[in-house]
Amino acid sequence: MTSSSNSPKILVTGGAGFIGSHTVVSLVEAGFEPIIVDNFSNSEQSALNGLRAILGRDVAFYQADCNDATAMEAIFQKEQLAGVIHFAAYKAVGESVAKPLMYYRNNLDSLMLLLELMPKYGVKDLVFSSSCTVYGQPEQLPVTEQTPRLPAQSPYGNTKAISEDIIRDVVHAKVAIRALALRYFNPIGAHPSAEIGELPLGVPANLVPFITQTAAGIRQSLTVHGGDYNTPDGTCVRDYIHVMDLAEAHVQALKKLSEQPVDTSYDVVNIGTGRGETVLNIIKTFEQQTGVALNYTIGPRRPGDIEQVYADVTKARNVLDWTASRSLAESLRDAWHWQQKVSA
Ligand code: NAD
Ligand code: WQD
């Protein structure tokens, strides 16, 4: 895949990570020119190799820390950027409880530096990675963007709520930035080529990587965290979205932002499928789709878990002209193909 010299350049912070790397593919497919900056704190060179295999060419890459003002300013000086998608952040909820300052520094300082550099270099458009974690356990389901944010249950979650507020305040200060914060629900799956996917460090905390590692024999058994919730089968409900659907939402966000007036435009949009799935249904669908029987037991509840959360996706349809199109079955097949590739 090629791009022309006048393709709009988009800075993709954290572009070697799980969601960032898939978004790089969608950006190129849509005619944008991604410029990745990543410090590999939670990713590897292999993601860039995977991108090369998919795209048939290299994507511009800077190995730098998004908190390094000198390095970041040099990138803004060199590249004539049209926009920024800010993925780079630490995201492990449990670690954020143990190391809150590390999370506040990394996730907030990097955002504030971008918000200083963007107006200085005439870069207007920002898409930010927020999270459904800002809703906590909502009283009404599905959650709309009007559903009140609840006090964050972790420093990680708090960085997302604070980041949203920082962006809103900066946009409203009329510095010529327009921004969308996308509240992702649970991203899963991988690119269908299995050249890129999720690379959890150590024992995965998230459900689908734990399932695929169990199926691959890396983990002995999966524990379902709680079977006595007030849900159809007693296990927690989430909105699992294919990472390529999520990637495409970012492209739509950039396109729609460019049509908005500068200075007044800040909005938040839920990015999910609108479907709530139980843990047991994820296991059953995985087994059906892959033919692999999973060794699992039902254990106690995981402290801090939300019983149920899934998105109302009306706003995404109306504002972004986007809906998720891939099925749960496809997401789980792609996750499994990726796992087979990395554990081969
Ligand atoms: P990831 O860890 O795979 O990707 C993040 C990337 O950012 C990594 O490649 C990491 O090396 C890089 N990075 C972190 N700090 C950096 C820094 N200071 N400078 C340069 N690079 C840095 O995570 P992901 O799952 O792709 O998540 C991307 C974004 O989406 C994050 O902001 C995350 O909080 C948010 N999010 C993720 C989920 C999820 O379940 N994966 C859900 C909601 C929101
Ligand atoms: C999903 C379901 C578990 C592992 C986390 C973050 C959140 C957001 C998305 C970034 C739950 C169950 C899991 C296992 C299990 N990330 N489970 N056995 O908890 O919805 O959210 O990722 O913003 O902030 O907290 O995702 O994948 O950890 O869990 O039964 O071994 O699977 O209890 O019901 P979660 P998850």
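This tour moves through the model from its confidence values to its cores, its enclosed and open spaces, and a few single residues.

**Confidence colouring**

Begin by colouring the chain by pLDDT, since this is a predicted model. The protein chain averages a pLDDT of 96, and 98% of the residues score at least 70. Strand 1 has the highest confidence, at 99, while helix 4, residues 93-98, has the lowest, at a mean of 95.

**The nonpolar cores**

Next, select L27, L51, L55, L182, I271 and L320, which are the residues with the most contacts inside the largest nonpolar core, a set of 40 residues. To see where this core is drawn from, show strand 1 (9-13), helix 1 (18-29), helix 2 (45-55), strand 6 (178-184), helix 8 (243-257), strand 11 (266-271) and helix 10 (314-320), each of which supplies at least two of its residues. Helix 8 contributes the largest share of this core, with nine residues. Then add A64, L111, V171 and V268 in another colour, as these are included in a second, separate core of 29 residues.

**Along helix 1**

Stay with helix 1 and place a distance between its first and last C-alpha atoms: the helix has 12 residues and reaches 18 Å, close to the 16 Å expected at 1.5 Å a residue. How many of the residues of helix 1 are buried? The helix is mostly covered, with 11 of its 12 residues buried, and the buried set runs through F18, I19, G20, S21, H22, T23, V24, V25, S26, L27 and V28. Among these, L27 has already appeared in the list of residues with the most contacts inside the largest nonpolar core. Beyond the helix, select G31, which follows helix 1 and has a positive phi, near 90°.

**The cavity**

Turn now to enclosed space, where the count comes to one cavity of 30 Å³ or more. The largest cavity holds about 40 Å³ of space, and selecting H86, F87, A88, A89, N107, F128, T159, K160 and S163 displays its lining. Helix 6, residues 155-172, gives the most to this lining, with three residues. By class, the lining of the largest cavity has four nonpolar, four polar and one charged residues.

**The second largest pocket**

For an open space, select E198, P200, Q213, W338 and Q339, which lie nearest the centre of the second largest pocket among the 13 residues that line it. About 200 Å³ of space lies in this pocket. Helix 7 (207-215) and helix 11 (328-342) each supply at least two residues of its lining. The lining of the second largest pocket is made up, by class, of eight nonpolar, four polar and one charged residues.

**Backbone features in the loops**

Go next to the loop between strand 5 (125-131) and helix 6, where P142 lies, and inspect the peptide bond from L141 to P142, which is cis, with omega near -5°. Move on to the loop between helix 6 and strand 6, which contains A176. The phi of A176 is near 70°, a positive value in a residue other than glycine, and A176 is partly exposed, with a relative accessible area of 31%. Continue to D321, found in the loop between helix 10 and helix 11. D321 also has a positive phi, of about 60°, although it is not a glycine. Is D321 buried or exposed? Its relative accessible area is 55%, so D321 counts as exposed, the cut-off for that class being over 50%.

**Two residues on helices**

Finish with two helix positions and a distance from each. N158 lies in helix 6, and its relative accessible area of 26% makes N158 partly exposed. Drawing a line from the C-alpha atom of N158 to that of Q137 gives a separation of 15 Å, for residues 21 apart along the chain. The last stop is A69, which lies in helix 3, residues 69-78. A69 is partly exposed, with a relative accessible area of 39%. From A69 to S131, C-alpha to C-alpha, the distance is 26 Å in space, with their positions 62 residues apart in sequence.

Notes:
Residues numbered from 1 in each chain as written. Chains lettered and ligands numbered in written order. Predicted model: local features only at pLDDT ≥ 70, side-chain atom pairs only at ≥ 80, totals over all residues. Heavy atoms only, no water. 1 Å grid on protein atoms, 1.4 Å probe; cavity = no way out; pocket = protein on both sides within 12 Å on 5 of 7 lines; lining within 4 Å. Points joined across faces, edges and corners; volume = space filled by probe spheres on them. Helix = DSSP H or I, 4+ residues; strand = E, 2+ residues; numbered from the N terminus. Nonpolar A, V, L, I, M, F, W, Y, C, P; charged D, E, K, R; others polar. Core = buried A, V, L, I, M, F, W, Y, C linked by side-chain atoms within 4.5 Å. Buried < 20%, exposed > 50% of the residue type's maximum accessible area, 1.4 Å probe, protein only. Expected span 1.5 Å × (residues − 1). pLDDT = per-residue confidence, 0-100.
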